[in-house]
Amino acid sequence: MKKFIELMEKYLIPIANKIAGNSYIKSIGEGSMGLLSVIMFGAFFTVFKNIPWEPYQIFLKVTHIGDVIAAVPLFTTDMIGLYMAFSIAYRASHNFKIGEHAFSTGVVSLLSFLILTPINTELMERVSFIDASYLGAKGVFTAIIVALVSTKLMKLFVNKNITIKLPDGVPPMVLKSFTALIPVMSIGIIFATIKVIFAITSFNTATDFVYTMLQTPIQSLTGTLPAFLLIILIANLLWFFGIHGSMTVLPIFMPIMLGYMGENTAAVEAGKVAPNLISFALYDLANLGGSGATLGLVTIMFLFAKSERYKSFGKVVFPAGIFGVNEPVVFGMPIMLNVVLLIPFILTPVVIVSLGYTLMKIGIVTPPIGILGAGSLPPVISGLSQGSLSFGIYQLVAVVISGLIYYPFFKVLDNQALKEESQNN
């Protein structure tokens, strides 16, 4: 075990720290997480609209409340790419040290994203409109690329001081607007040129190119259970060494997960079953109670601890674990570098995720939508918020499984603490 820890510290930890500190990865993660309220707002309304109870559906139709509910996802989750174009660029401006131009960077990124979005024109009706599908899950990868490129171009203009100079005494807001004028115009022209170039290719649009050549293949490669379990394994290994594993691996796969969420939301809105089993919901299942699926651990600690140390500790960490907060357990128990708990900490998420995936695959559990952020809700409630009561029930089953796996390992620690307490007394 000592040699294993030394190998991890030598090879895994430096790589993880480098990834976590990468400005591009940080920008994607921070920008996506910054949209949590928008994503949850839209996803919850998708669930409210599609509760499969006939009297409820009749009520929505008669009162026209259903029309109001249906409008919310159209302008939230169905336009996630649009929001990401601004949010990621806004965060990237800080990570690339041009935070004083954060708003202008976000705006020019949004402008560039819209420039690349195709506009359809109906000559008979003389109406032009944007295809909303390009603003949603289909445009996520394009939004990320546009945001990062726009930010780097803005940084280039700022560093080279290619801006309009105004005399002293000009109000700050006016100064910032004119300072950003040349960069915004130049970046807009660059993306307009890119739009024209793609228009003469077989892809027709930049988004179609990105979606065909990048987004779809990457989603296919990462949308498998083995790949997903590998992500969980790496994240938990990092947590074991005291590094925030979720914030290291999640930003890398955030765009993919958001794409899945968009497709699942569209399917549920159409009255179908969510097609993507790999989702934020499955990731939250692996982190039931926090990384390592420790809700089972804190539950058995709360119910069955014999030592005063773990009796007292269980009363503190159990309520937090219900809402997915387990830093007190990881760093306070601790799980970090605790060889006794390494096996259950890694094994438990793999077991409950594999079983949950299998139950969804064979149709016993209804696949959840995969809403980002719903993992902070207690079991069952979290499943309901994801549009799947059966998934919520399985979350309770997963807590029991987690407790059973952790129990023998916890008893070793509890008995050791009990022995130490008796010796001190």
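Q: Which residue's side chain meets that of aspartate 208 in a salt bridge?
A: This is a predicted model, and in it the two parts of the chain that hold this pair, helix 11 for aspartate 208 and the loop between strand 2 (127-130) and helix 8 for its partner, are distant, 70 residues apart. The N to O distance is 3.2 Å, and the partner of aspartate 208 is lysine 138.

Q: Is aspartate 208 buried or partly exposed?
A: The cut-off for a buried residue is under 20% relative accessible area. Lysine 138, with 22%, is partly exposed, whereas aspartate 208 has a relative accessible area of 15% and therefore counts as buried.

Q: How many residues apart in sequence are the parts that the pair of arginine 91 and glutamate 30 ties together?
A: The structure holds five salt bridges, and one of them joins the side chains of arginine 91 and glutamate 30 at 3.1 Å, N to O. Arginine 91 lies in helix 6 (residues 80-95) and glutamate 30 in helix 2 (residues 23-33), so the parts that this pair ties together are separated in sequence by 61 residues.

Q: What is the relative accessibility of arginine 91?
A: Its salt-bridge partner, glutamate 30, is partly exposed, with a relative accessible area of 27%. Arginine 91 also counts as partly exposed, and its relative accessibility is 28%.

Q: With which residue does arginine 309 form a salt bridge?
A: Arginine 309 is in helix 16 (residues 308-322) and counts as partly exposed at 41% relative accessibility. Its partner is partly exposed as well, with a relative accessible area of 32%. The closest N and O atoms of the bridge are 2.8 Å apart, and the residue that arginine 309 pairs with is glutamate 420.

Q: Which elements give two or more residues to the nonpolar patch?
A: Ile145, Val149, Met213 and Leu214 form this patch on the surface, where together they have about 310 Å² of accessible area. The elements that each contribute two or more of its residues are helix 8 (140-159) and helix 11 (206-222).

Q: What distance does helix 8 reach from its first C-alpha to its last?
A: Helix 8, in which isoleucine 145 is found, has 20 residues, and at 1.5 Å a residue the expected value is 28 Å. The distance in the model is close to that expectation, at 29 Å.

Q: Which residue takes a positive phi just after helix 8?
A: The phi angle in question is about 60°, and the residue that takes it, just after helix 8, is asparagine 161.

Q: The side chain of serine 385 reaches the backbone oxygen of which residue?
A: Serine 385 has its place in helix 19 (residues 381-385), and at 9% relative accessibility this serine counts as buried. Leaving out residues up to four places away in sequence, serine 385 touches Phe44, Val47, Ile371, Ala374 and Leu377. The backbone oxygen that its side chain reaches, at 2.6 Å, belongs to serine 382.

Q: What is the relative accessible area of serine 388?
A: Serine 388 is found in the loop between helix 19 and helix 20 (389-424). Apart from its neighbours within four places in sequence, serine 388 is in contact with Thr366, Pro367, Pro368 and Gly383. Serine 388 is buried, and its relative accessible area is 2%.

Q: Buried residues make up what percentage of the protein chain?
A: The chain has 20 helices and two strands, and its accessible surface comes to about 20100 Å², of which 70% belongs to carbon and sulfur atoms. Of the 425 residues in the chain, the buried share is 49%.

Definitions and conventions
Residues are numbered from 1 along each chain as its sequence is written. This is a predicted model: local features need pLDDT of at least 70, side-chain atom pairs count only at pLDDT 80 or more; totals for chains, interfaces and linings use all residues. Side-chain values use heavy atoms; hydrogens and water are left out. Patches are made of residues with over 30% relative accessible area and no salt bridge: like charges are joined within 9 Å, nonpolar side chains (Val, Leu, Ile, Met, Phe, Trp, Tyr) within 5 Å. Accessible areas come from the Shrake-Rupley method with a 1.4 Å probe; for residues, only the protein chains shown count as cover. A salt bridge is a side-chain nitrogen of Lys or Arg within 4 Å of a carboxyl oxygen of Asp or Glu. Helices (H or I, at least four residues) and strands (E, at least two) are DSSP runs, numbered from the N terminus. Buried means under 20% relative accessible area, exposed over 50%, partly exposed in between (1.4 Å probe, protein chains only). A polar contact is a pair of N or O atoms within 3.5 Å; within protein, one must be able to donate a hydrogen and the other to accept it, and residues adjacent in sequence count only if both atoms are side-chain atoms. Contact means heavy atoms within 4.5 Å. The expected span of a helix is 1.5 Å times one less than its number of residues.
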